[in-house]
Amino acid sequence: MSKAWLIGGGLFIAVLVVASVVVAIVSSEDALSADTPEGRVQLFLSALDDGDLELAYESLSEEIQEGCPLSKVFGQVPDIESRLGGGRVTLEGTTTVGDTAFVDVRVTRIESEHPSGPADVLLGPSIFSHVQRYALRRELGDWRLVEYPWPLPACELKAGALSMPSADR
């Protein structure tokens with residue numbers, strides 16, 4: 001009888017693994033049009049995740065680009081792609097008023113490593129979730145991010161120009 005339970009348990013685990021793989025393969029993100037505020041946010045985050053920093057930079061407004069050149073924006077965060085790793089971003093909602101839009105996304109991160117060591121075997125990994133808001137404005141027909149967007153470090157507005165904050169603040 002115990003052999004039957006062992007075989008049954010093994011088959012159950014095998015079925016779960018196969019089902020998990022199928023779900024992971026079948027569920028893919030829907031590409032949104034970059035002509036929409038939601039699509040621009042998706043394009044920005046996907047470009048960061050893929051390491052295409054030039055494409056991500058093109059999603060920033062002219063004001064941010066003039067105050068923070070590409071080398072300055074990404075030079076302080078050499079591993080920007082890792083800030084998105086292990087997470088999922090889902091659209092929560094969009095509010096559009098004329099040429100201004102606000103896109104809210106839910107960022108969910110699963111962390112299997114804790115500062116004190118690997119995740120607890122009994123409790124499993126930690127899951128953190130928060131809503132992130134992106135402000136966009138239509139510039140020359142394209143939606144552009146007008147506030148310094150997560151997950152990049154912020155630029156500060158000083159006397160009409162943007163600059164990176166110092167590390168000692």
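Visitor: In which strand is glutamate 139 found?

Guide: This is a predicted model. In it, glutamate 139 belongs to strand E5.

Visitor: Is glutamate 139 buried or exposed?

Guide: Read the relative accessibility against the cut-off. Buried means under 20%. Glutamate 139 has 14%, so it counts as buried.

Visitor: Which residues is glutamate 139 in contact with, leaving aside neighbours within four places in sequence?

Guide: Set the sequence neighbours within four places aside, and glutamate 139 is in contact with Ser61, Glu62 and Arg144. Look also at aspartate 99. It lies 40 residues from glutamate 139 along the chain, yet their C-alpha atoms are separated by 8.4 Å.

Visitor: Now the sheet. In what order do its strands come?

Guide: The order is E1-E2-E5-E6, in an open sheet of four strands with antiparallel pairing. To find the edges, look for strands that pair on one side only. Here those are strand E1 (87–97) and E6. On average, neighbouring strands are turned by 30° against each other, with direction ignored.

Visitor: How many bridges join E1 to E2?

Guide: Ten bridges link this antiparallel pair. Two positions help to fix the register. Arginine 88 stands opposite threonine 108 in E2. Threonine 94 stands opposite valine 103, also in E2.

Visitor: What lies between E1 and E2?

Guide: Two residues separate them, and the strands form a hairpin. Check the backbone in the turn: glycine 98 has a positive phi of about 60°.

Visitor: Which residue takes a positive phi in the hairpin of E5 and E6?

Guide: Leucine 140 does, with phi near 50°. This hairpin also has two residues between its strands. E5 and E6 run antiparallel and are joined by four bridges. Arginine 137 has arginine 144 in E6 as its bridge partner.

Visitor: On to the helices. How does the reach of H2 compare with the reach expected at 1.5 Å a residue?

Guide: Take the distance from the first C-alpha to the last. H2 has 14 residues and reaches 20 Å, close to the 20 Å expected. After H2 comes glycine 51, with a positive phi near 80°.

Visitor: Which residues of H2 are buried?

Guide: They are Pro37, Gly39, Arg40, Val41, Gln42, Phe44, Leu45, Ala47 and Leu48. Note that polar side chains are in the list, including Arg40 and Gln42.

Visitor: How many residues does the largest nonpolar core have?

Guide: The core has 22 residues. Val41, Phe44 and Tyr134 have the most contacts inside it. At least two residues each come from helix H2 (37–50), H3, helix H5 (70–75), strand E2 (100–111), strand E5 (126–139) and strand E6 (142–145). H2 gives the most, with five.

Visitor: What is valine 41 in contact with, beyond its neighbours within four places in sequence?

Guide: Its partners are Val103, Val105, Tyr134, Leu136 and Leu145.

Visitor: One last residue. Where is serine 59, and why does it count as buried?

Guide: Serine 59 sits in the loop between helix H3 (53–58) and helix H4 (62–67). Serine 59 counts as buried because its relative accessibility is 0%.

Visitor: With which side chain does serine 59 make a polar contact?

Guide: The side chain of arginine 40 is the partner, at 3.3 Å from side chain to side chain. Beyond neighbours within four places in sequence, serine 59 is in contact with Arg40, Leu43, Phe44, Arg144 and Leu145. Two of these names have come up before: Arg40 is buried in H2, and Arg144 is in contact with glutamate 139.

Notes:
Residues numbered from 1 in each chain as written. Predicted model: local features only at pLDDT ≥ 70, side-chain atom pairs only at ≥ 80, totals over all residues. Heavy atoms only, no water. Buried < 20%, exposed > 50% of the residue type's maximum accessible area, 1.4 Å probe, protein only. Polar contact = N/O pair within 3.5 Å; in protein donor to acceptor, adjacent residues only side chain to side chain. Contact = heavy atoms within 4.5 Å. Core = buried A, V, L, I, M, F, W, Y, C linked by side-chain atoms within 4.5 Å. Pairing = 2+ DSSP bridges. Axes fitted to C-alpha atoms, helices over the stretch in contact; angles between N-to-C directions. Expected span 1.5 Å × (residues − 1).
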